[in-house]
Amino acid sequence: MATYFEVRIADEERTYAGQAAQAALDLLDKLESHLSRFRANSDLAQIAQLAPGEKMCLSEPTFGCVEIAKKMELATHGAFSATPAALQTQSSLPRWSLLPEDLSIRCESGRLQFDLGAIGKGFALDRMGELLRSWDCNSFLLVAGGSSILAGDAPSGVAGWSCGLGDDNAPQRFFLARASLSGSGLAVKGSHILDPRSGQLALRQNRAWALTDTAAESDALSTACMVLSEPELDEVVAQDRSWLIFLETDGATRPMGSRALPPQA
C-alpha cells in the first residue's frame, strides 16, 4: 500500500502485545496480496480483465472492501470512487455491480480499473483492529502513513489516544477512542486527487480531515472532501450523525457535522 503502518498496544503484557502486533502486521501482508493493483495475481488485477457482462468471484477481503467503496460512492454522490484512474484511459467511469450471494463482481461497462488507495489503508486498519480485539488487545492505536488513524479503547487513566490534525506537532489535538481520523491534502503528493464526476483535479487546496467510526469510511470521506463544495459537504455529512469533517482555512480548522467533538488533548 506504499506506506508504513504502526501498531501500538496499551495495557497488555509486553510479550503478548508483541505477538498480537505481529499477527496484525501478518494480516496486513495478506490483505495487500488481495487489494494491490500492482500484483499480477491480485483480485484487482484480474478484475481489470473482465469484459462487460462478465463476472468473477472475489476473495472475502476484496469483496468487503469494494462493498464499502460502493457504499461511500453513493453516500458522497460520486465524489468518492474506487475507479477514478479509469478516466485517464476511458471517457467515462466504468460501471459495476456486486452480487453478495456468491461474493462476485460483474462488469457492466468499460474496464474496471480499480485503485483502492483512497480506502484500502483504512480497510486494512479496520481488519487489523478486529484481529487485535479477538486477541483481547482492546486498547490500541493503528497508524497508516500518518494520514489514517484508528483508535481502539483509551489506555488506562487517559481520555484517549492523543491525535492531531496534521503533523505530530500539530497544535490542534484530540483524545480519540473507538474512532478513526483520516486526512487528505496536496502537500505530500501534490495535485493527485481526481474528481470522479469530471475527471479534473481536485480544486480544494487546503487539507481536510474526516472523523468517523471506521477507518475505511474516514479514508473515503476525507478524499471526497477535496472535491466537494461546502454546500455539498453539508448535505453529505447530514446523512450520518457519526461523521464529522474538518476543513483547513487560513491556517485554522473548522468542523462540519453533528458528531460531538472529541475531548481536546
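## Briefing: a seven-strand sheet, its helices and a second strand group

L141 sits opposite A151 of strand β6. That pair belongs to the antiparallel pairing of strand β5 (residues 140–144) with β6, which runs over 4 bridges. The model is predicted. In it, 7 strands build an open, antiparallel sheet, and helix α4 (residues 120–134) lies across β1, β5 and β6.

**The open sheet**

- The strand order is β1-β5-β6-β9-β10-β11-β12, with antiparallel pairing.
- β1 (5–9) and β12 (252–256) are the edge strands, each pairing on one side only.
- Neighbouring strands of this sheet are turned by 15 degrees against each other on average, direction ignored.
- Strand β6 (residues 148–151) pairs with β9 in the antiparallel sense over 4 bridges.
- Within that pairing, L150 has S180 of β9 as its bridge partner.
- β9 also pairs with strand β10 (residues 208–212), antiparallel and over 5 bridges.
- S180 appears here as well: its bridge partner in β10 is T212.
- Strand β9 (residues 179–184) is largely enclosed by the rest of the structure, because 5 of its 6 residues are buried.
- In a regular strand, side chains alternate between the two faces of the sheet.

**Helix α4 on the sheet**

- α4 runs at about 155 degrees to β5.
- Its 15 residues should span 21 Å at 1.5 Å a residue, and the end C-alpha atoms are 21 Å apart, so expectation and model agree.
- α4 is largely enclosed by the rest of the structure, since 12 of its 15 residues are buried.
- The buried set includes the charged residues K121, D126 and R127.
- G120, G122 and G129 are buried too, as are F123, A124, L125, M128, L131 and L132.
- The cover over these buried residues includes β1, α1 (14–35), α3, β5, β6 and α5 (215–225).
- Just after α4, D136 takes a positive phi of about 65 degrees.

**Packing of α1 and α4**

- Two packed helices are described by the angle between their axes and the distance between the axes.
- For α1 and α4, the angle is about 145 degrees and the axes are 9 Å apart.
- Their crossing is right-handed.
- On the α1 side, the contact is made by A20, A21, A23, A24, L25, L27, L28, L31 and L35.
- On the α4 side, F123, A124, R127, M128, L131 and L132 make the contact.
- By class, the contact has 14 nonpolar, no polar and 1 charged residues.
- R127 is that charged residue.
- An α-helix has 3.6 residues a turn, so residues three or four places apart point the same way.

**Helix α3**

- Helix α3 (residues 60–75) has 16 residues, which should span 22 Å at 1.5 Å a residue; the end C-alpha atoms lie 23 Å apart, which agrees.
- Its buried residues are P61, T62, F63, G64, C65, V66, A69, M72 and A75.
- α3 is also among the elements covering the buried residues of α4.
- H77, just after α3, takes a positive phi of about 55 degrees.

**Strands β2, β3 and β4**

- Strand β4 (residues 104–109) pairs with strand β2 (residues 55–57) in the antiparallel sense over 3 bridges.
- In that pairing, M56 has I105 of β4 as its bridge partner.
- β4 also pairs with strand β3 (residues 95–99), antiparallel and over 5 bridges.
- There, S97 is bridged to R106 of β4.
- β3 and β4 form a hairpin with 4 residues between the strands.
- L103 in this hairpin takes a positive phi near 50 degrees.

Note on methods: Residues numbered from 1 in each chain as written. Predicted model: local features only at pLDDT ≥ 70, side-chain atom pairs only at ≥ 80, totals over all residues. Heavy atoms only, no water. Helix = DSSP H or I, 4+ residues; strand = E, 2+ residues; numbered from the N terminus. Expected span 1.5 Å × (residues − 1). Buried < 20%, exposed > 50% of the residue type's maximum accessible area, 1.4 Å probe, protein only. Pairing = 2+ DSSP bridges. Axes fitted to C-alpha atoms, helices over the stretch in contact; angles between N-to-C directions. Contact = heavy atoms within 4.5 Å. Left-handed = near helix turned anticlockwise from the far one by under 90°.
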